[in-house]
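Student: I should like to work through this protein step by step. May we look at the structure together?

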Amino acid sequence: MNSSSHCHSYRAFVLLLLSLAAVSTPLLPYPASAQQQLKATAILDPRKIALGERTTFTIEISGAMRNATPPQITAPGLQIQHMGYNATQRILNGRSTGVISYIYAVTPIREGRFTIPEVEIRIQNQVLKTEAQELLVLPARTAQPNVPDAGESNLEAAFLRIQTPKSELWVGEVIPLELTLFVRGRNTISGVGQPDIKRENLVIKRFPNSPRQGITEVQGKIYSTLTLETSLFAIAAGTITVGPCTLPCTYFEAQNYDTRVPSFFRRSRRANLTSNSFNLTVKPLPEKGRPADFTGTVGVFSLRHSASPAKLASGDPISVDFEITGVGNFDSLASPMITSEEGWKLYPSREISKQLSDGLTIGRIAFSQVIIPLQRHRQIPPFRFSYFDPEEERYVTRTSDPIPIEVTADFRPEASPASVESPGSPDTPGPVPERRLRPEEAMDDILHIKTTMPALAFQRVPILRSKAFWAAQSVPALALVAIMGIGARRRYREWEARRAAELAPRSYSDILNRLESESLSREEFYRETLAAIETWERDHETTDDAGSDALPDAREWETLRSGAEYLLYGSTRTMRHSNVPAAEKETVMEVLRNLPSS
């Protein structure tokens with residue numbers, strides 16, 4: 001007994017020493033390899049605004065453990081003001097990472113294109129740098145949007161508008177197209193479908209699935225807005241009509257009925273709205289000065305290119321990569337063409353990536369082409385492409401600079417094997433062919449394809465193809481099916497009994513007693529409310545004038561019914577499972593109690 005007591009005392013003493021050592025040991029900093037990698041990211045959203053509006057510029061630093069002094073940012077033509085910061089935790093690759101966000105408000109002074117420069121941030125003894133961001137500022141929006149020619153009743157509910165920033169353009173010129181839905185009230189737009197717009201001699205890109213929502217004022221009234229942006233270009237000259245556009249949508253009616261039903265009920269409505277239409281004047285491209293390699297591209301572009309390898313032998317391939325950036329029609333943009341094909345074998349170019357432009361934002365497209373030198377060259381000839389500049393109203397040809405290369409030898413195709421000749425006389429022997437050793441095959445080399453099937457070893461029949469195996473497995477399978485069938489039959493009978501009890505008719509007074517006595521959730525309360533409405537209507541069905549006087553006020557009755565249906569089938573799960581406030585319960589019960597009982 002004493003030995004056991006000494007043993008426990010010794011263990012307790014050792015644990016106490018270890019605890020004191022752990023507490024007294026100073027915390028060492030993490031080694032550099034254990035610290036999280038810091039990364040700074042700049043986010044500008046949205047990147048396109050109108051004069052008088054403002055956008056948000058955010059610098060996110062992932063892996064940061066503590067805050068730092070927010071940097072001051074200046075850019076010509078922009079007012080950038082620091083608004084605050086936000087610290088959060090994110091799970092990246094299974095690890096918790098701290099993220100600090102510095103938030104800035106950006107307000108343009110004039111319209112045009114602006115660049116927010118690279119920003120340097122010093123944090124945790126490191127210097128981070130973000131990428132530059134581009135902002136496009138459009139002319140100021142009109143104070144009142146172009147309201148379609150409609151009556152006051154239509155304007156109260158909802159209307160649709162389409163517009164472009166310009167009414168005159170060239171054939172093939174890309175311009176933005178904006179579709180905006182206006183619905184009376186705040187947060188009244190529930191959802192929209194795919195627009196269907198009437199077009200003729202126009203190519204209109206598909207509207208994206210990421211609309212922009214907001215709130216505006218039209219004729220002194222508040223409207224919720226939903227904007228879809230895409231682009232279009234014309235394929236023929238003349239006067240072209242754009243629209244009208246039809247948009248299926250669902251929205252909430254912003255009317256406040258004067259009833260005793262709670263105000264959170266709102267009636268939804270589905271509609272197919274039709275927008276306005278307008279004309280575009282499309283000018284043909286001039287014939288004078290049109291280059292021979294012009295493919296119909298309209299816009300303003302720049303060209304960058306590179307090639308590799310720079311040192312090679314004749315017959316070796318060279319990969320030439322092109323990147324064209326700018327604002328314009330990238331659908332008709334073809335890969336640049338070489339200016340001289342002499343001594344070169346050219347393969348068709350292929351498109352690597354494409355980021356379209358809507359006529360205002362900058363787009364990008366990348367091509368890659370393989371060329372092979374057939375003789376010695378000191379440089380790759382220039383490449384060029386042509387386009388029409390709608391701002392200067394002239395054709396422009398962009399030509400790349402030659403790329404210096406070093407080709408070591410001329411390309412000579414390998415000679416075919418010499419034919420076998422009969423030997424000459426002993427005095428004049430025939431030529432002896434050169435003996436060539438057959439190279440050994442390597443796993444990373446090009447191997448010949450086998451044309452004959454290899455010999456296959458005998459294999460036994462797989463167990464899954466054995467009839468005896470499946471016969472043995474059928475017995476427990478049938479037993480399992482029988483057990484499941486018996487259980488399903490028993491559960492079905494129990495369900496039938498519960499269903500019969502639920503469908504048993506209840507009196508109107510029984511339902512009211514349950515509503516008043518029991519503590520029900522909102523879902524249960526309004527489900528019983530609908531049952532009370534249906535029971536009362538069933539008990540008071542009549543067609544004579546005397547019976548119709550017993551009916552309640554139709555407006556109040558329908559509002560109560562639609563409100564209950566909305567809460568059961570259109571509200572959130574949290575609202576349905578919450579308790580019914582006493583005032584709300586008393587309001588509904590007062591409506592039900594005031595109904596005549598006979």
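Student: What percentage of the 598 residues of the protein count as buried?

Tutor: This is a predicted model. A residue is called buried when its relative accessible area is under 20%. Of the 598 residues of the protein, the share that counts as buried is 33%.

Student: How many helices and how many strands does the protein have?

Tutor: Both kinds of element occur in this chain. The helices number nine, and the count of strands is 33.

Student: Which residues of strand β1 point to the face that is buried?

Tutor: In a regular strand, side chains alternate between the two faces of the sheet. Strand β1 covers residues 39–45, and its side chains alternate. Lys-39, Thr-41, Ile-43 and Asp-45 point to one face and are not buried. The buried residues, on the other face, are Ala-40, Ala-42 and Leu-44.

Student: Which residue of β3 is the bridge partner of Ile-43?

Tutor: Strands of a sheet pair through backbone hydrogen bonds, in a parallel or an antiparallel sense. β1 and β3 (residues 55–62) pair in the antiparallel sense, over seven bridges. In β3, the bridge partner of Ile-43 is Thr-58.

Student: Which strands are the edge strands of the open sheet with the order β2-β9-β6?

Tutor: This open sheet has three strands and mixed pairing. An edge strand pairs on one side only, and this holds for two members of the sheet. The edge strands are β2 (48–50) and β6 (112–116).

Student: Which residue in β9 stands opposite Ile-116?

Tutor: β6 and β9 (residues 133–138) pair in the antiparallel sense over five bridges. Opposite Ile-116, in β9, stands Gln-133.

Student: What is the angle between the planes of Phe-301 and Phe-330?

Tutor: The structure holds 13 aromatic pairs, and Phe-301 and Phe-330 form one of them, 5.3 Å centre to centre. Phe-301 lies in strand β22 (residues 299–308), whereas Phe-330 lies in the loop between β24 (318–328) and β25 (337–338), 29 residues apart. Both residues are buried. The pair is edge-to-face, a term for planes over 60 degrees apart, and here the angle is 85 degrees.

Student: Why does Phe-525 count as buried, and what is its relative accessibility?

Tutor: Phe-525 forms an edge-to-face pair with Tyr-526, 5.2 Å centre to centre and with 90 degrees between the planes. Tyr-526 is buried, with a relative accessible area of 0%. The cut-off for buried is under 20%. Phe-525 therefore counts as buried, because its relative accessibility is 1%.

Terms used. Residues numbered from 1 in each chain as written. Predicted model: local features only at pLDDT ≥ 70, side-chain atom pairs only at ≥ 80, totals over all residues. Heavy atoms only, no water. Helix = DSSP H or I, 4+ residues; strand = E, 2+ residues; numbered from the N terminus. Buried < 20%, exposed > 50% of the residue type's maximum accessible area, 1.4 Å probe, protein only. Pairing = 2+ DSSP bridges. Phe/Tyr/Trp six-rings, centres within 6.5 Å; stacked < 30°, edge-to-face > 60°.
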